[in-house]
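Let's take a friendly walk through this model, one stop after another. Have the viewer ready and follow along.

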Amino acid sequence: PAVVVGKQVWLSGQISIDAGDDIISQTKGTLEKVDALLAEAGTSKHDLVFVQVLLKTMDFYAPMNEVYAAWLEGVDIKPTRAAFAVDALPADALVEIVVQAVKQD
């Protein structure tokens, strides 16, 4: 689920259908997975440079964004981000999140 090349870290798209059947639960669960995978790769959300959010519908944007903003509290430099709706996500998930990070010295 992660590729590390030098200081760069790319995570495969993460979903969390086991976290619940609503956008808030799935967003929280997905971001917890992202945190764990980044830690395994020797980095954290503080080193993120780009985040891509795929949503089942743009109706989920506002609640996802509230969870996402809370998750990034304390991060000095927020990553760039793109968010868009897609026709279908794996396992009928409501949200999938892809991130890229650059490890700091």
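Keep in mind that the model is predicted. A good place to begin is G42, which sits just after helix α1 and takes a positive phi of about 80 degrees.

From there, step back into the helix itself. Helix α1 covers residues 23-40, 18 residues in total. From its first C-alpha to its last it reaches 26 Å, close to the 26 Å expected at 1.5 Å a residue. At the N-terminal end, D22 acts as a cap for α1, with a side-chain oxygen 3.2 Å from the backbone nitrogen of I24.

Now look at which side chains of this helix are hidden. The buried residues in α1 are I23, Q26, T27, G29, T30, L31, V34, L37 and L38. An α-helix has 3.6 residues a turn, so residues three or four places apart point the same way. And what covers these buried residues of α1? The cover includes the strands β2 (8-11), β3 (48-55) and β5 (95-102), along with helix α2.

Helix α2 is our next stop, and here the aromatic rings deserve a look. The structure holds one aromatic pair. Its partners are Y68 and W71, whose ring centres are 6.0 Å apart with 40 degrees between the planes. With an angle neither under 30 degrees nor over 60, the pair counts as tilted. Y68 and W71 are separated by about one helical turn because they lie three residues apart in α2 (residues 61-71). Both of these residues are buried.

Finally, Y68 has another neighbour to inspect: the charged end of R81 sits over the Y68 ring, 4.4 Å from the ring centre.

Terms used. Residues numbered from 1 in each chain as written. Predicted model: local features only at pLDDT ≥ 70, side-chain atom pairs only at ≥ 80, totals over all residues. Heavy atoms only, no water. Phe/Tyr/Trp six-rings, centres within 6.5 Å; stacked < 30°, edge-to-face > 60°. Helix = DSSP H or I, 4+ residues; strand = E, 2+ residues; numbered from the N terminus. Buried < 20%, exposed > 50% of the residue type's maximum accessible area, 1.4 Å probe, protein only. Lys NZ or Arg CZ within 6 Å of the ring centre and 35° of its normal. Expected span 1.5 Å × (residues − 1). Contact = heavy atoms within 4.5 Å. Polar contact = N/O pair within 3.5 Å; in protein donor to acceptor, adjacent residues only side chain to side chain.
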